[in-house]
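Reader: I have a new model open on my screen. Can you walk me through it?
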Amino acid sequence: MWGYYIALALRNSVRSKALTALVVVLLAFGVSACTVSYAVFRATTSDPIPSRSAHLYVPQIDNFGPSKYSGEPPDTLSYTDAVALWQARKADRQTLVYPTKWQVESDNRSVPAMSMSGDAVTADFFSMFDVPFRFDSGWTPNDDARHATVAVISSRLNKKLFGGQNSVGQEIRLDGKIFRIVAVLDDWNPKPRFFDVANLGPLSAFDDTGDVYIPFTRAIDMQKAPKYDYCPSYSTDLGISNWEKYLSSECVWIAAWVELATPTDVMRYREYLYNYAKEQQRIGRFSWPPNVRLRDLMDWMAYQHVAPRASTLSMLVSASFLLIVLVNVIGLMLARFMRRAPEIGIRRALGASRATIFGQFLIEGATIGVAGGLLGVALTLLGLWGAGALFEPNIARLVHPEVSLIALTVLLAIATTIVSALYPTWRAARIQPAWQIKVNG
Amino acid sequence: MALTKPFMQLRPIVAALRRHKVATLLIVLQVALTLAVASNALFIVATRIVHLSRPTGTDESHIFVIRNQWEIGQNAAQIDANIRADLDTLRNVPGVRDIFSSEAFPLEGGGGMLVGVKLKPDQTVRPKLAIAYFSDDHAIDTLGISLIGGRNFRPDEITAIGPYDKMAPPVIIVTRSLARKLFPDGPALGRTVYFADGPATIIGVLGSLQGPYAGSTTRSIDEDNVLVPARYIDPGGGVVYLVRAYSTDMKPVIAAALKALSKRGNVRLIDPMEGVVTLPQARERGYATDRSVALLMGILSGLLLLATAGGIVGLSSFWVGQRRRQIGIRRSLGATTGDILLYFHAENFLIVVGGIMLGVLLAVLANLGLMQVYELPRMPLYVPLVGALVLWLLGQVAVWGPARFAAKVPPVVAIRTE
């Protein structure tokens with residue numbers, strides 16, 4: 001029976017070529033616009049480390065006062081607060097992070113000195129963020145404490161300097177100082193580069209990770225200034241002329257991350273942050289009541305507006321587009337089915353039940369949906385191929401034609417036609433057999 | 001009276017539409033949704049295009065920038081000497097018109113140094129924020145900007161300042177925008193302003209110059225810039241050389257410049273990929289987000305309008321097919337082909353007007369909603385009204401085909417049975 005209905009649907013499609021073509025083309029465009037937008041949206045809102053993100057939190061402390069940031073604390077912490085949080089060790093694991101640039105040299109004379117970016121971090125960074133290692137595994141909290149001149153390098157840099165060999169124990173020079181390599185990372189490129197978003201901003205969130213990681217304490221000793229900072233008052237802080245004064249200023253530039261296993265831990269940590277700020281108020285550093293935040297990773301990504309505007313807007317407009325196509329297809333299906341009122345009348349008069357008519361026309365709708373879906377797949381592939389022209393290169397490269405996306409296109413097309421065929425089908429099934437035959441007789 | 005004819009037909013049209021409630025409603029809904037979405041999307045396109053075509057005020061097409069990172073281990077005096085020697089070297093490269101060194105450049109997308117500018121040394125209210133460009137007596141010619149008042153720096157006024165040094169230049173040049181914000185009531189030329197570390201006299205006012213932050217995000221201080229007469233000495237970082245070439249084809253000049261710099265020995269690192277950027281490239285990168293938003297919204301709006309036109313054609317053809325007998329009867333009773341055409345155009349007009357009324361309302365609501373989520377200005381009411389006009393025209397064009405088909409129905413159909 002199904003096969004017969006599909007054959008009928010195809011025969012009818014041939015009979016009203018223009019109308020069928022219109023429905024198929026509309027569907028294909030609506031559906032493919034949606035899947036292409038969705039592919040980009042999914043890529044830009046995806047979880048960079050699904051296994052851990054629920055337990056990773058970003059603490060914020062307002063050291064600027066309520067007049068700044070419209071009530072929200074600054075995105076990063078001052079040196080004073082960052083170190084206080086880190087040394088308090090109130091979380092299971094905690095790390096401080098700030099991105100820096102280094103002049104990198106090695107004994108390999110064939111590679112000239114390079115300027116490379118990386119992060120100053122603490123020992124917990126690697127375990128907290130599930131960073132994969134190729135050779136050995138990071139440094140210890142003890143290295144943090146003794147401000148060790150140790151470095152972890154990326155597999156990229158390891159390949160460039162040491163030809164991909166195990167370079168643990170070898171030395172490199174960062175800004176002219178000798179560092180011992182204690183570990184080499186495996187390929188690691190979380191998208192977005194969540195741990196630096198607070199510092200680098202959402203526009204750089206999809207850039208590649210850096211190549212050099214050294215202990216935070218060591219970077220501070222080297223007076224390694226952050227690339228970006230934000231100071232509460234430019235009239236006083238711009239005059240900062242020495243490092244000690246800079247460290248004790250209220251300028252913010254350090255991102256802190258904590259790992260908290262259970263909701264109770266989260267609650268307790270929030271309490272700790274509140275009490276910390278309260279204490280700062282008591283000793284006169286803050287002249288405002290505690291204003292602290294503790295956001296988990298995905299909340300933090302949303303708060304930082306990591307998903308580019310182009311991606312969220314196009315998702316919104318594409319969804320509206322599909323809705324309009326849906327309304328459109330309802331009208332066209334109605335036209336298509338009602339044109340065949342006499343035929344339905346005769347089938348009903350010959351004994352077909354309403355349910356049979358209903359089934360026949362839904363199958364007809366689905367058949368058209370499949371056709372729209374197939375054309376939609378072609379357009380989706382075209383759209384994904386053209387994503388490079390529509391989105392920035394660092395976003396476009398995240399999008400790939402995957403099987404799930406192709407399946408989604410076809411399913412969406414069929415679902416759309418079936419939904420839009422529901423009302424026209426219901427109308428078709430209600431046709432009175434006698435009336436149709438009489439009028440046209 | 002030809003003009004009143006369509007209105008005389010209103011009553012039968014309304015009567016006919018009442019028999020096709022659902023189909024009519026579908027077109028109304030479709031027109032309304034299209035109007036709401038397309039006018040918002042096109043409004044976003046317009047705001048983005050306005051934003052990304054903001055001029056920097058400079059001779060962009062002839063300017064390129066060398067990002068020069070210092071080799072570690074040099075002291076401030078060595079770096080200062082390096083900058084002077086580099087400037088001399090680059091100035092003598094064939095094809096180079098002028099050059100100066102700074103810490104930032106227009107369209108960089110960041111990197112500018114913010115300074116607080118006070119009107120009195122003991123001012124307690126928040127100082128006006130401005131962006132500093134380190135520059136010298138060649139900066140104005142290199143950027144291709146012009147003074148609207150005052151004079152340029154003299155070579156003997158150029159000093160050297162490091163990142164942690166006191167920022168106290170005795171003389172500065174400001175943009176007109178900053179001058180007006182500092183001194184709304186009178187000329188800024190010759191006035192003294194105060195940085196955190198000391199006073200500075202405004203010796204010149206520039207017509208316009210955009211700050212380095214300009215790009216996909218907008219700041220109110222994009223035009224508020226100060227030229228500071230100093231070389232930027234940062235042993236831990238670098239300096240940027242802004243070069244103005246004679247030709248817009250800057251490739252040979254860039255190659256020659258890099259070659260000349262490399263001959264000066266291993267004092268610097270210039271990234272092979274990111275080390276040199278032309279201002280046209282910087283513009284393209286800086287406004288990439290805006291361009292992609294504008295392009296996407298434009299394409300989707302176009303598809304949307306096409307979809308709606310297609311829908312109107314489809315449903316109208318169906319109605320024409322359904323009403324062949326009635327049309328035949330009208331024709332045999334004396335209606336001309338023009339009357340039939342008019343009927344369908346008037347009918348479409350009526351439906352689209354219904355859709356437009358709903359659509360304008362939806363468009364305004366959608367705009368208010370979007371304003372909550374994105375930094376978007378309020379959409380002026382003429383945008384959906386223009387959109388309404390477009391949709392009305394679109395409807396008329398779309399119905400023209402089916403209506404012409406209907407007008408061709410011969411009167412004899414009335415008496416023929418199918």
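Author: Sure. Keep in mind that this is a predicted model. In chain B, the C-alpha centres of domain 1 and domain 2 lie 55 Å apart.

Reader: Where do those domains run in chain B?
Author: Domain 1 of chain B takes two stretches, 5-53 and 290-415. Domain 2 of chain B covers 72-265.

Reader: What does the C-alpha trace of chain B span along its principal axes?
Author: About 105 × 50 × 35 Å. The radius of gyration of chain B is 33 Å, whereas a compact globule of 418 residues would have one near 22 Å.

Reader: How many helices and strands in chain B?
Author: Chain B has twelve helices and 13 strands.

Reader: And what percentage of chain B counts as buried?
Author: 47% of its 418 residues. As for contacts in chain B between residues at least 6 apart in sequence, 85% of them join residues at least 24 apart.

Reader: New topic, the contact between the chains. How many residues does each of chain A and chain B give?
Author: Chain A gives 45 residues and chain B gives 51.

Reader: Which elements of chain A give two or more residues there?
Author: On the side touching chain B, they are helix H2 (17-44), strand S4 (114-121), helix H9 (234-237) and helix H13 (309-339) of chain A. H13(A) has the largest share, with 19 residues.

Reader: How does that side of chain A divide into nonpolar, polar and charged?
Author: There are 27 nonpolar residues, 14 polar and four charged on the side of chain A that touches chain B.

Definitions and conventions. Residues are numbered from 1 along each chain as its sequence is written. Chains are lettered from A and ligands numbered from 1 in the order in which they are written. This is a predicted model: local features need pLDDT of at least 70, side-chain atom pairs count only at pLDDT 80 or more; totals for chains, interfaces and linings use all residues. Two residues are in contact if their C-beta atoms, placed from the backbone, lie within 7 Å. Helices (H or I, at least four residues) and strands (E, at least two) are DSSP runs, numbered from the N terminus. Ala, Val, Leu, Ile, Met, Phe, Trp, Tyr, Cys and Pro count as nonpolar, Asp, Glu, Lys and Arg as charged, and the others, Gly among them, as polar. Domain bounds come from an automatic or database domain assignment. The radius of gyration is taken over C-alpha atoms; the globule rule is 2.2 Å times the number of residues to the power 0.38. A residue is buried if 20 or more other C-beta atoms lie within 10 Å of its own, exposed if 12 or fewer, and partly exposed in between; C-beta atoms are placed from the backbone.
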